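Subject: Structure for you to look at

Hello,

Here is the structure I promised to hand over. Please open it and keep it beside you while you read my notes below.

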Amino acid sequence: MPEKAEPESFSPPAPNIARLGRIPDWSQLDPYQGTITREEFVYLLNHCYSRSPEDSAGYIRLQSDRALILKQSNYPELGWYDLRFRTETPLSAPVPKYWRSPTEIDDLPANSTKPLQGLRIAIDPGHIGGKWVTWDDRHFKIGKDTIEVKEGEMTLIVAKILERDLTLLGAQVFLTRESNNPTTPERVETLQEEAKAYLTRRGQIPSAGLLASTAKAMFAISSEIRSRGEIINDSIRPDLALCLHFDASPWPSGRPTLRTPNHLHLLINGCYSRSEVAEDDTRFEMVLRILQRVYYEELAMADVVSRTMQKETRLPAFAYDGKSGMSVNDNELVWARNLLANRVFFCPVLFFEPFCMNHSETHLRVQEGSYDGLREINGIYRKNIYQEYADGVTSGLIRYYRQRR
Ligand SMILES: [Zn+2]
């Protein structure tokens with residue numbers, strides 16, 4: 001007799017995960033059971049994290065006493081994570097997190113000259129420099145420039161000034177990179193298979209061009225930032241992280257062009273779109289940030305530091321259209337946006353975007369380099385651009401921690 005055919009084995013679809021992300025372990029939310037009220041959870045979710053209530057609808061179900069969070073967005077059969085809300089009892093202990101808010105750090109002695117004493121600060125100089133800038137796309141030369149504008153090298157110059165100055169103010173300072181080289185051991189060549197699998201999972205045909213651009217982004221963005229995330233979350237475990245960047249305006253012609261206006265903004269984490277909430281790891285990370293109440297600290301700090309940055313740099317505010325970034329308070333310099341770094345660094349993150357590198361004045365100041373003292377720039381005596389950037393950050397942190405500790 002012929003053997004009875006086995007029922008065709010069923011395998012669930014591959015989960016929807018961000019580039020180089022990991023399948024979340026939902027049990028890591030267990031220590032947060034009963035630590036947040038329904039009111040606060042809904043407020044944080046809708047005010048800052050989900051771009052609109054519709055963006056998280058269907059992935060997070062709000063019930064009277066719990067939130068149900070879909071574990072695998074493309075396979076509901078796997079079930080929901082059941083997060084119970086806190087009822088009356090006040091919290092007896094702080095929620096699990098490695099970072100400390102200003103009130104959790106020892107008070108400053110009276111008349112202290114070191115307002116950042118006891119703080120652990122991670123500085124992340126955005127992008128990579130040196131020969132790696134070609135992978136990174138944040139570099140250009142205009143006309144007869146002698147100095148090429150390289151964001152990854154400029155952020156490292158600012159980081160080293162901050163390292164010196166914040167240390168003098170009592171902080172313990174750690175850089176995610178000390179040189180212009182990547183921290184990740186991966187390279188474009190080692191990520192080919194991973195890039196192909198990622199595109200296939202998303203139903204895209206891995207043509208040669210798409211494969212090349214995906215592997216490049218996987219190296220310079222995903223792999224590099226995730227590697228820095230491991231350094232921050234596993235080794236440094238800071239009280240805050242400063243992500244240093246310079247902005248740039250798009251050049252529609254396809255070749256580098258000087259553009260106006262010049263501007264400044266600071267980002268905190270938030271504004272998740274529906275397709276981002278649909279990624280299982282991204283949704284998990286968003287919920288974890290809500291449960292750790294990172295928002296209050298990030299916003300309060302960004303509010304103070306953005307103002308000292310503006311005083312120092314004299315730059316006008318940049319404005320988003322509400323799609324990729326959204327406003328969460330009345331400070332026009334501060335925007336919520338979901339970026340890999342400010343999502344996976346599990347502490348309050350201040351993400352700086354001052355100066356458009358392809359604005360004529362910024363471009364001129366980069367050509368002037370790191371001079372000492374002041375120089376006349378468009379009729380005004382100014383510090384070199386790197387010192388000015390660092391001084392805006394430092395005076396903001398001094399002001400914030402003096403107010404709060
Ligand atoms: Zn940047």
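Start with a strand pair. Strand S9 (residues 264-268) runs antiparallel to strand S11, and 4 bridges link the two. To find the place, look for Leu264, which stands opposite Pro354 in S11. One caution before you go on: this is a predicted model.

S11 has another partner. Strand S8 (residues 240-244) pairs with S11 in the parallel sense, again over 4 bridges. Here Ala241 is the one to find, since its bridge partner in S11 is Val349.

Now look at S11 itself. Is this strand enclosed or open? S11 covers residues 349-354, and 6 of its 6 residues are buried, so the strand is largely enclosed by the rest of the structure. A general point helps here. In a regular strand, side chains alternate between the two faces of the sheet. In S11 both faces are covered. On one side sit Val349, Phe351 and Glu353, and they are buried. On the other side sit Leu350, Phe352 and Pro354, and they are buried too.

Next, step back to the whole chain. The protein chain is divided into domain 1 (26-84) and domain 2 (102-404). Their centres, taken over C-alpha atoms, are 29 Å apart. What does each domain give to the contact? Domain 1 gives 19 residues and domain 2 gives 18 residues.

Look at the domain 1 side of that contact. Two or more residues each come from helix H1 (38-49) and helix H2 (53-56). H1 gives the largest share, with 6 residues. By class, this side of domain 1 has 11 nonpolar, 6 polar and 2 charged residues.

Last, one residue to practise on. Find Ile398 in helix H12 (residues 385-404). How many other C-beta atoms lie within 10 Å of Ile398? The count is 19, so Ile398 is partly exposed. The cut-off matters here: a residue is buried if 20 or more other C-beta atoms lie within 10 Å of its own.

Which residues does Ile398 touch, leaving aside its neighbours within four places in sequence? The contacts are Pro115 and Leu169. For a distance check, try Glu148. Glu148 and Ile398 are 250 residues apart along the chain, and their C-alpha atoms are separated by 33 Å.

That is the tour. Work through it in the viewer in this order.

Best wishes

Notes: Residues numbered from 1 in each chain as written. Predicted model: local features only at pLDDT ≥ 70, side-chain atom pairs only at ≥ 80, totals over all residues. Domains from an automatic or database assignment. Contact = placed C-beta atoms within 7 Å. Nonpolar A, V, L, I, M, F, W, Y, C, P; charged D, E, K, R; others polar. Buried ≥ 20, exposed ≤ 12 C-beta atoms within 10 Å, placed from the backbone. Pairing = 2+ DSSP bridges.
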